[in-house]
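Q: I'm new to this one. Can you walk me through it?

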Amino acid sequence: VIKCKAAVAWEAGKPLSLEEVEVAPPKTHEVRIKIVATAVCHTDAYTLSGADPEGCFPVILGHEGAGIVESVGEGVTKVKPGDTVIPLYIPQCGECKFCKNPKTNLCQKIRITQGKGLMPDGTSRFTCKGKQIYHFMGTSTFSEYTVVADISVAKIDAAAPLDKVCLLGCGISTGYGAAVNTAKVEPGSTCAVFGLGGVGLAVIMGCKIAGASRIIGIDLNKDKYAKAKEFGATECISPQDFKKPIQEVLVEMTDGGVDYSFECIGNVGVMRAALEACHKGWGVSVIVGVAAAGQEISTRPFQLVTGRTWKGTAFGGWKSVENVPKLVTDYMSKKIKVDEFVTHTLPFDKINEAFELMHTGK
């Protein structure tokens, strides 16, 4: 058993608490990882807020991390101690019907136990002050050591800077993949990206790499426009600057609507606007943001009858075990940006400050 520091969420709506936790050794087909770097994502904040129906407490959050394999359980063949890895919240077992289908990346092998905050055998590897602590998204990267299933780990280039590539564990991969895998953005097309946080910037990067000729960024926070343009946005607008709904503005700006739109916020009203901003006949709108529990999307069926397509994406459609190492390689060869996404680097004990910076849009 390893004793180490972890940020524990004891209950919903309260700040994280830095505690000493015990991390049990890995069981069969499990891997224990020393986490070197982790990022914070809105999904962590969403669960911490209490709005997530799958949220269990007390829990160790975090799902954008990178580290080094410390030890492996019985039957583990793909990684060994000392390997550099990224934990994966969407695993890839290679055996379930989802993994065998090229149309999806949603491996279901450990979905049920992962959703309950437990390892595949139905137990936890974390304890603190004599209490069992739940796992989060199969990763729990807000701990100096974590245990994950062996199908939830990608072995990456040992030379990769872990304080950067940890972002490929969720946000960058999700946004980039939404553009290149889910939407399959074509050269010369016009795109609209709603929400210019990390995921939105990654979508813009993907649209640009795919050859889009016009990329319109939409956000209420104008402080985000300069960064969006650095990533490839050709223009940025705020819905507050117009009297009419933003979808009408976009339809006028683009002679009938955009070819591709992306919702990167998790707001069902914006999801509707993103669909309705699409061009009749061929427009495609991709939902990337995660809406709160119980919310529903709506539009007039005529929007779809007249040739628009509504799609969703999780982790950008990447089959995780095989593609995350390739994304790291693409970053190392400067095909995709990663460093530019990092705004602040803080010590682990300032993790609550990191959440505050995220909430204030900084």
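Here is a short chat about the domains, their interface and two loops.

A: This is a predicted model; local features need pLDDT of at least 70, side-chain atom pairs count only at pLDDT 80 or more, and totals for chains, interfaces and linings use all residues. Residues are numbered from 1 along each chain as its sequence is written, and side-chain values use heavy atoms, leaving out hydrogens and water.

Q: How is the protein chain divided?

A: Into domain 1 (2-169 + 319-353) and domain 2 (172-314). The bounds come from an automatic or database domain assignment. Their C-alpha centres lie 29 Å apart.

Q: How many residues are in contact?

A: 16 of domain 1 with 17 of domain 2. Contact means heavy atoms within 4.5 Å.

Q: And how much do the two domains bury between them?

A: About 1,300 Å², 68% of it on carbon and sulfur atoms. That is accessible area (1.4 Å probe) lost on putting the two parts together, summed over both.

Q: How many salt bridges between them?

A: Zero. A salt bridge needs a side-chain nitrogen of Lys or Arg within 4 Å of a carboxyl oxygen of Asp or Glu.

Q: New topic. Which residues does a cis peptide bond join?

A: Phe57 and Pro58, with omega about -5°. Pro58 sits in the loop between helix 1 (42-49) and strand 4 (59-60). Helices (H or I, at least four residues) and strands (E, at least two) are DSSP runs, numbered from the N terminus.

Q: Where is Lys129?

A: In the loop between strand 7 (126-128) and strand 8 (131-133). Its phi is near 50°, a positive value in a residue other than glycine.
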